[in-house]
Amino acid sequence: HCIFFSIFAFATCGSYSGEFSLSVDCPNKNESDLNIEVQFSYPFRLHQVYFEAPLCKGSERRKIFLIGDCSSSAEFFVTIAVFAFLYSLAAIVVYIFMQDKYRENNKGPMIDFVITAVFTFMWLVSSCAWAKGLSDVKEATDPDNVFKNMEVCETKGVKCEEVREPVTSGLNTSVVSPPTCTTLSHTLTLLNIYLYVSPADLMGIFDGDIA
């Protein structure tokens, strides 16, 4: 099924660690900090991530926290990916070593179909939730948006500039994996039903004739 896609999904999201950097250039150059590095990672509890920025008032510095908590959508997405991976492993074992049991009473393909349908739905829900969460992560870690929460950047004569923006290409590809996985899963499962379940048995299952 989608073993490789599930690995790719939770690997790109669950192991992600990003960083961006910015600078605060004060009128008094001795008070400036031209390389403030901010690191964040999965599960993206951004409201717990902070950095210290100069206030351009002597040696005073202030903690600046990022905004947002995307942990629920990220963890939901990774959890579904992990369970999809485990089910795919189990399905491969059944296909290879328990083919007779799989065909018994023609129920194996139907059970496989139902489980795959559930995973398809969960994949789509989790990927949609994570797509929104990813959008929030990008917005919260955009240096231009971070500057809006820094009072020092509104001070006359102070220049706040982006030094390096976070690289989120890996997170972007994690959102692409679920649709590909669900399409492949449904295709393979429907093929299993076509191969192992006769049309008469299939109609009987949906009509409630097969216990």
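Leaving aside its neighbours within four places in sequence, which residues is Ser 126 in contact with? The close-up views below, taken from a predicted model, begin with that residue and then turn to salt bridges.

**View 1. Ser 126 and its contacts in helix 4.** Welcome to the first stop: Ser 126 sits in helix 4, which covers residues 107–140. Once neighbours within four places in sequence are set aside, its contacts are Phe 76, Phe 77 and Ile 80. Ser 126 has a relative accessibility of 0% and counts as buried.

**View 2. Arg 61 and Asp 33 joined by a salt bridge.** The structure holds seven salt bridges, and here the side chains of Arg 61 and Asp 33 meet with an N to O distance of 2.8 Å. The two partners come from distant parts of the chain, 28 residues apart: Arg 61 belongs to strand 4 (residues 61–65), while Asp 33 belongs to strand 2 (residues 33–41). Are the two partners buried or exposed? Arg 61 is partly exposed at 39% relative accessibility. Asp 33, at 19%, is buried, because the cut-off for that class is under 20%.

**View 3. Arg 45 and Glu 75 joined by a salt bridge.** In this pair the side chains come together at 3.2 Å, N to O. Arg 45 is placed in the loop between strand 2 and strand 3 (50–54) and Glu 75 in helix 2 (residues 71–97), so the salt bridge ties together parts that are 30 residues apart in sequence. Arg 45 is partly exposed, with 33% relative accessibility, and Glu 75 is also partly exposed, with 29%.

**View 4. Arg 62 and Glu 151 joined by a salt bridge.** Here the side chains meet at 3.5 Å, N to O. Because Arg 62 lies in strand 4 and Glu 151 in the loop between helix 5 (143–147) and strand 5 (159–164), the pair ties together parts that are 89 residues apart in sequence. Arg 62 is partly exposed at 40% relative accessibility, whereas Glu 151 is exposed, with a relative accessible area of 58%.

**View 5. A network of Asp 33, Glu 52 and Arg 61.** Let us return to a pair from View 2 and add a residue. Which residues do salt bridges with shared partners join into one network? They are Asp 33, Glu 52 and Arg 61. As a reminder for this view, Arg 61 and Asp 33 meet at 2.8 Å, N to O.

Notes: Residues are numbered from 1 along each chain as its sequence is written. This is a predicted model: local features need pLDDT of at least 70, side-chain atom pairs count only at pLDDT 80 or more; totals for chains, interfaces and linings use all residues. Side-chain values use heavy atoms; hydrogens and water are left out. A salt bridge is a side-chain nitrogen of Lys or Arg within 4 Å of a carboxyl oxygen of Asp or Glu. Helices (H or I, at least four residues) and strands (E, at least two) are DSSP runs, numbered from the N terminus. Buried means under 20% relative accessible area, exposed over 50%, partly exposed in between (1.4 Å probe, protein chains only). Contact means heavy atoms within 4.5 Å.
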